[in-house]
Amino acid sequence: MQKPIKKVVIAGGGTAGWMTAALMQRVLHKQVEIELVESEDIGIVGVGEATIPPIQIFNEYLGLDEKEFLRETNGTIKLAIKFDNWKKKGESYFHTFGAPGANLGFCNFQHYWLRAKKEGVRESLWHYDLNYLCCEKEIFNKINTPNPVYQVPYAYHFDSALYGRFLRKRAEKGGVKRTEGIIEHVKTDENTGFITGLQLKDGHQIEGDLFVDCTGIRALLIQKTLGVEYLDWSNLLPANTALAVQTERFEKTLPYTRSIAHEAAWQWRIPLTHRNGNGIVYCSDYLSDEDAERTLLSHLESTPVNDVRKIHFKTGRTARQWHKNVVAVGLSSGFLEPLESTSIHLIQSAIVRLLKLFPHDGIRQAAIDLYNEESVTEYETIRDFIVLHYVVNERDDSDFWNDMRRLKLPHRLEQKIAAFKEVGAIFNDQHDIFKDASWLQVMLGQGIEPEDYHPAANVLPQAQLKDTLDKIRHAKHQPLSKMLPHDDFIKQYLNA
Ligand SMILES: Cc1cc2nc3c(=O)[nH]c(=O)nc-3n(C[C@H](O)[C@H](O)[C@H](O)COP(=O)(O)OP(=O)(O)OC[C@H]3O[C@@H](n4cnc5c(N)ncnc54)[C@H](O)[C@@H]3O)c2cc1C
């Protein structure tokens, strides 16, 4: 439709709605009118608390001051996720945001380490990862260096409801109009099928040219009005229920998320400065709600401060995330369960993609197709990464874990697992937000042992290889002396 976009209407004011409003306002200024409609009576899902490092770029685009952001959202630092009992009961591993080792030429560090292991080196791969060393000692500090060997990439844990409020203040100040009300009817053009306006319960009408569906799991515009199909991925990711509960602050906050696997479920623990986020994720075919609640409550480390909330979901994605003049952002576009904290990132990347392709002089099919193609790859690579955690396991204590091992894998994931198992190789897809180091840590952590390594790792003489690895390990330990216990860092940084 070759009609200039003068007004954007954002339906929904959860994390997705306010992230969209804030960034769109920041990038486009007053070139388009932006109106956001949300309903306090309906509320938000309000459980997203763990993120991945690109959130820093998003906050930078918005011009947020990191200290103010952490203060406003009761945020803490996240260096990794610790996975307990995922491979087998009693064993743990970390998926850190760091990269083990250093760049040693043609082939990745793991090939040198795999060779050294065969030659008797005992240190795990993680002993060459600064993020892991910080997690082990529960310490952190900001290190400003261009040298990747000494970098400590990080993300945040934060209260997403507070983040939404923080962004709302900024967006409204920048000119975004907020309207309170329940959307009761969505009007469409009978010739084009495009959405023309929203009618609220109190009779108020909101018209616009481009609509961003941020109505959460309801997907009021993209699915309910335009009828775009939802692709159900529960054959690969069968979890369909979460119970969430907040508890009192732990005495000490850790700089990482905990993900603890149980007999037929997994539990998250997320440390914020004022309280902790906890929850359990499970599939109702394997675990009853009562048993899930019992498991969750018996594994809390501090006293609950609110009632347990149940959230049902279906893993999958909306077949087209941009259709006609509607773009779905947030839970309306799909959900892949929270194991790797990817939903807020998917919001970020959807908004950035939309802004890159922003149809200021009219909506064109080519932009829609590009947008949708990229989002497919992004969703599928994240899905496969999450599936990897479940399907490679050595647990035999329940039907759940046994069935997970027998899942029919997507072809690309099957290829990736085979390439790693055979020669320690990792293949990265374009638009995969998880890079080599992430796949490497989860493949090893879940128990895939490569049978071989790249021949280029044989070029170094044996003594030189050992010396090189020792030097890298030593270098990775150097910054530790500048680190502080995580709580001390937060206190000092925020008071500086
Ligand atoms: C159990 C669980 C754990 C999660 N953990 C994480 C995590 O650790 N990290 C992460 O990145 N993500 C996580 N997520 C995902 C994260 O919570 C969401 O991606 C994020 O909160 C965005 O939600 P949203 O804004 O799309 O939807 P919502 O928060 O549900 O917002 C929907 C908005 O639409 C409005 N609305 C709906 N219908 C109407 C109507 N008819 N009229 C007017 N307004 C309407 C609502 O009022 C609300 O403002 C988790 C999700 C779940 C379910």
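Domain bounds, as used below, come from an automatic or database domain assignment. The structure is a predicted model, in which local features need pLDDT of at least 70 and side-chain atom pairs count only at pLDDT 80 or more, while totals for chains, interfaces and linings use all residues. Residues are numbered from 1 along each chain as its sequence is written, and side-chain values use heavy atoms, with hydrogens and water left out.

**Exercise 1. Describe the shell of residues around the ligand.**

Step 1. Begin with the residues themselves, where a residue is near a molecule if one of its heavy atoms lies within 4 Å of it. There are 34 residues around the ligand, and those that come nearest are G13, A50, I183, L331 and I344.

Step 2. Sort the shell by residue type, counting Ala, Val, Leu, Ile, Met, Phe, Trp, Tyr, Cys and Pro as nonpolar, Asp, Glu, Lys and Arg as charged, and the others, Gly among them, as polar. The shell then divides into 18 nonpolar, 13 polar and three charged residues.

Step 3. Ask which domains contribute: at least three residues of the shell come from each of domain 1 (7-49 + 159-235 + 315-363) and domain 3 (241-312).

**Exercise 2. Find backbone atoms that make polar contacts with the ligand, and state how far the protein covers the ligand.**

Step 1. A polar contact with the ligand is a pair of N or O atoms within 3.5 Å. A backbone N or O atom of G13 lies 2.8 Å from an oxygen atom of the ligand, and a polar backbone atom of S39 is 3.0 Å from a ligand oxygen. For L331, a backbone N or O atom is found 2.8 Å from an oxygen atom of the ligand.

Step 2. Of the 1000 Å² of accessible area that the ligand has on its own, the protein covers 97%, with areas taken from the Shrake-Rupley method with a 1.4 Å probe.

**Exercise 3. Explain why C135 forms no disulfide, and decide whether C135 is buried or exposed.**

Step 1. A disulfide is a covalent bond between the sulfur atoms of two cysteines, and the cut-off applied here is a pair of cysteine sulfur atoms within 2.5 Å. The structure holds zero disulfides.

Step 2. The closest cysteine sulfur to that of C135 belongs to C134 and is 7.0 Å away, so the two are too far apart for a bond.

Step 3. Buried means under 20% relative accessible area, exposed over 50%, and partly exposed in between (1.4 Å probe, protein chains only). With a relative accessible area of 1%, C135 is therefore buried.

How values were computed
A polar contact is a pair of N or O atoms within 3.5 Å; within protein, one must be able to donate a hydrogen and the other to accept it, and residues adjacent in sequence count only if both atoms are side-chain atoms.
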